[in-house]
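Student: I'd like a close look at a single part of this protein, with the details tied together rather than listed. Here is what I have on screen.

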Amino acid sequence: MREIEILAPAGSIEGLYGALRMGADAVYVGTKQFGARAFADNPSVEELTEALLYAHLRKKKIYLTVNTLLTDRELEEELYPMLLPLYEAGLDACIVQDMGVLKFLHQYFPDMDLHASTQMTLFSGEEAELLRPYGVTRYVPARELTIEEIREARRQTDLEIEVFVHGALCYCYSGQCLMSQVIGGRSGNRGMCAQPCRLKLRTPYGEGYFLSTKDTCTLMHIPELADAGIDSFKIEGRMKRKEYGMFLAHLYRKYTDTYLRRGREYFTELREDKESELWRDYRRSMDLYNRGGFSDSYLFERHKDVMIYPEKNGHFGVKAGEVLRAGRGKAEFTAIEQLHYQDILEFREEDGTQAYEYTLGDDAAAGTSVSANVMKGSHIYPGQAVYRTRNQALLDKIQGEHDKIDDSFGLRGRFLARKGEPAELTVSGNGVEVTVRGDVVQEAARRPVSSGEAVDRLDTLGGTSYRWEELEAEVESGCFLPMGGLKELRRRGVAEWEKRAVPRRKAVDVPAARKKSALPVRDPVDMISVAELSQLRTALKYAGRDTIFHLKLEDIPSGDWEEAAGLLAGRRMALSFPRILRGKGKRVFEQEWEQYGGAFMGGQTEMIVVNSYAMVLYAGSFFPDAKLTADTNLYQENRWAAEAYAGWGIQPPFVTVYGRVPVMVTEGCLAKTLSLCGRGENQIPFTTPKGDKFVVVNHCKYCYNTIYTEQPAVCVADVPCRRMNLTWEREDEVRKGIGQWNF
């Protein structure tokens with residue numbers, strides 16, 4: 001039977017053990033530093049070291065999240081000493097976003113697997129293969145991929161594929177979001193995302209949570225997931241309570257095994273019967289946490305607007321009743337679900353806002369009338385919906401099922417005591433046997449200890465995760481055995497066995513000894529990035545002769561490519577392809593390139609601006625002689641990243657001295673959410689509750705959006721290799737900017 005890993009989130013040490021006990025084969029967890037969930041109750045290094053022994057004895061795994069951007073100092077002075085004891089204790093893998101971190105970890109911790117995070121925005125197995133030389137054994141594709149794209153990726157690589165199957169979904173392609181940083185200085189790429197996509201936004205077409213995606217649930221699609229060749233089913237949720245990870249690990253393990261053992265026909269029967277155990281568990285998972293109901297994720301959903309719930313953010317709950325009558329501080333409603341003592345109920349307005357919330361004092365059966373005292377002034381009225389946002393009985397049941405599990409590890413012990421010789425205890429298990437010796441055994445002055453009494457004294461392993469499968473003792477007649485000595489012998493025996501039970505690794509020398517290699521140096525030159533032909537014409541008229549003109553082909557219509565190339569005859573030209581090249585958009589672009597791309601061939605294109613791993617492949621195929629430079633989203637926050645990209649021939653990005661900041665690149669489409677498709681609304685402005693202004697630009701042909709700051713950002717530093725990044729500037733703005741910045 002094919003093995004599929006269930007990978008659960010662990011936002012705390014309790015959540016880690018709970019998920020492993022309830023069915024997870026592996027957990028992903030952060031420490032106090034360097035993980036993408038800096039505000040989770042992350043375990044300490046010492047706690048994780050103990051957890052690794054626990055997990056490995058039970059054939060389970062622990063993956064550490066190191067999926068943020070790091071500086072050189074953090075890499076060499078903080079990450080290395082933090083990771084060293086975990087590596088030596090057998091840490092199974094690190095999940096990584098930063099190319100520099102990837103290179104660093106592969107060099108100094110070479111025997112540890114590395115997993116490429118979804119924040120690297122990988123669309124194909126071919127792109128993932130670029131990372132194999134850096135020790136990557138598994139990658140997490142962008143969460144926007146369809147199941148068909150996952151199948152194609154499986155055909156392209158034998159690297160392990162890990163896919164998110166349940167939980168919250170970012171609106172932006174993971175790793176491409178700068179909105180939290182721009183709004184409040186809390187960078188998602190540093191683990192401190194403030195979740196601006198969950199804010200209520202104001203647009204010219206109304207207000208709502210237009211960037212707030214529903215949670216995903218693919219429990220019903222386990223056969224398709226398994227047959228696509230996915231190796232690991234990943235559950236999102238390190239910021240959620242521990243019962244969430246425990247219960248979902250149990251469900252996905254349960255129904256994955258059901259499919260693998262009993263086949264598609266049986267699973268289909270469960271799926272088609274709305275009263276089956278599968279559907280009951282689906283509804284329980286919704287009761288535990290959901291945002292506006294569930295979506296089937298981009299893996300299976302074909303309509304983007306289905307992915308968004310604009311009326312409310314946060315936990316939506318499940319409908320629990322409807323108000324019959326209200327007045328004089330009381331409300332009466334009919335329960336449509338079994339309700340429980342300590343459930344939290346919410347009277348909700350039609351627009352999703354909360355009218356009143358309270359905690360239920362007694363159980364209530366479905367179909368019965370429930371009376372509630374409500375605060376004076378609350379807007380409660382007949383017909384109003386009542387939702388349950390905490391199912392206390394479900395939480396208690398999950399914890400109760402967890403508490404019944406006995407996963408203590410079985411050991412075998414053999415005790416030997418002879419007068420005049422040291423007492424001996426041999427502990428064995430997991431193919432490892434150790435013997436420890438205590439004090440010399442004395443003859444008893446009064447009452448000697450029997451073999452049975454020695455077993456009784458050694459038998460207790462309380463406070464540990466072990467139990468004796470077998471314990472025997474051979475005690476010579478007339479021996480004196482102090483209780484304290486036996487306890488100490490037992491403690492030492494188990495401790496020595498633990499040291500040898502799981503193999504340990506040794507890291508290479510500390511990074512301080514590393515000799516830094518020289519990075520390639522680029523001649524000082526300025527670049528102007530243009531999105532329209534009118535901008536190009538103006539820039540050519542006013543910019544210096546040595547300026548490089550960068551054509552952003554995601555913006556410039558393909559019918560204008562030939563004219564753009566003609567305008568640049570005798571001038572320096574750079575190109576970038578659409579930032580998102582996958583699915584339908586990729587097919588459209590490749591057709592356009594086949595028809596019009598010849599205008600840029602023949603050596604005229606001097607430079608390629610690399611804005612994705614897909615672009616690395618395209619550049620090597622179409623422009624083998626062109627210079628490569630990184631766009632700003634190929635982050636180079638440390639020297640290690642610059643060295644890694646230099647190995648592919650990619651130089652560091654130009655310094656943007658003027659330009660609107662692309663804060664999100666999204667598969668979700670605001671025009672679709674607002675029912676504006678086909679109405680020519682290429683730019684849609686919106687404002688956050690604190691007044692931050694952004695503009696959504698639709699790249700309709702290629703099926704993605706870019707969200708920009710409304711106003712351009714400027715950098716006044718005197719630096720070489722400057723970039724002016726134009727978006728929708730008019731001709732007079734282009735001319736003024738070139739003059740102001742002396743391009």
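Is E643 buried or exposed? And please walk me through the helix around that residue and whatever else helps me read the picture.

Tutor: Keep in mind that this is a predicted model. E643 is buried, with a relative accessible area of 9%, and the cut-off for calling a residue buried is under 20%. That charged side chain does have a partner: E643 and R639 meet in a salt bridge, with N and O 3.5 Å apart. Both sit in helix α19, which covers residues 639–646, and being four residues apart there, they are separated by about one helical turn. As a rule, an α-helix has 3.6 residues a turn, so residues three or four places apart point the same way. R639 is partly exposed, at 25% relative accessibility.

Now look at what α19 packs against. Its axis and that of helix α4 (residues 99–108) come within 7 Å and cross at roughly 90°. That makes α4 roughly perpendicular to α19. From α4, the contact is made by M99, G100, K103, F104, Q107 and Y108, and from α19 by W640, A641, E643, A644 and Y645. So E643 turns up twice, once in the salt bridge with R639 and once in this helix contact. By type, the residues where α4 meets α19 divide into seven nonpolar, two polar and two charged.

That salt bridge has plenty of company, as a search of the whole structure finds 51 of them. Two others make a nice contrast with the pair inside α19. In one, K304 and E667 meet at 3.6 Å, N to O. K304 lies in the loop between α11 (297–300) and β13 (318–327), and E667 in the loop between β32 (662–666) and α20 (670–673), so this pair ties together parts that are 363 residues apart in sequence. E667 is buried, at 8% relative accessibility, while K304 is partly exposed, at 22%.

In the other, R132 bridges to D158, with the closest N and O atoms 2.4 Å apart. Here the loop between α5 (125–129) and β6 (136–139) holds R132, and the loop between α6 (147–156) and β7 (160–167) holds D158, so the pair ties together parts that are 26 residues apart in sequence. D158 is exposed, with a relative accessible area of 61%, and R132 is partly exposed, at 34%.

For one more helix to compare on screen, go to α21, residues 731–741, where the buried residues are V734, G737, I738 and W741. They cover an arc of only 100° around the axis, which puts them on the same side of α21. Flip to the other side and you'll find K736, G739 and Q740 exposed. Among the elements covering the buried residues are β25 (527–530), α15 (533–542) and β31 (655–659). Just after α21, N742 takes a positive phi of about 55°.

To find your way back, select R639 and E643 in α19, then bring up α4, whose axis crosses that of α19 at roughly 90°.

How values were computed. Residues are numbered from 1 along each chain as its sequence is written. This is a predicted model: local features need pLDDT of at least 70, side-chain atom pairs count only at pLDDT 80 or more; totals for chains, interfaces and linings use all residues. Side-chain values use heavy atoms; hydrogens and water are left out. A salt bridge is a side-chain nitrogen of Lys or Arg within 4 Å of a carboxyl oxygen of Asp or Glu. Helices (H or I, at least four residues) and strands (E, at least two) are DSSP runs, numbered from the N terminus. Buried means under 20% relative accessible area, exposed over 50%, partly exposed in between (1.4 Å probe, protein chains only). The arc is that of the directions from the helix axis to the C-beta atoms. Contact means heavy atoms within 4.5 Å. Axes are lines fitted to C-alpha atoms, for helices over the stretch in contact, and angles run from 0 to 180 degrees between N-to-C directions. Angles under 35 degrees count as roughly parallel, over 145 as roughly antiparallel, 65 to 115 as roughly perpendicular and the rest as oblique. Ala, Val, Leu, Ile, Met, Phe, Trp, Tyr, Cys and Pro count as nonpolar, Asp, Glu, Lys and Arg as charged, and the others, Gly among them, as polar.
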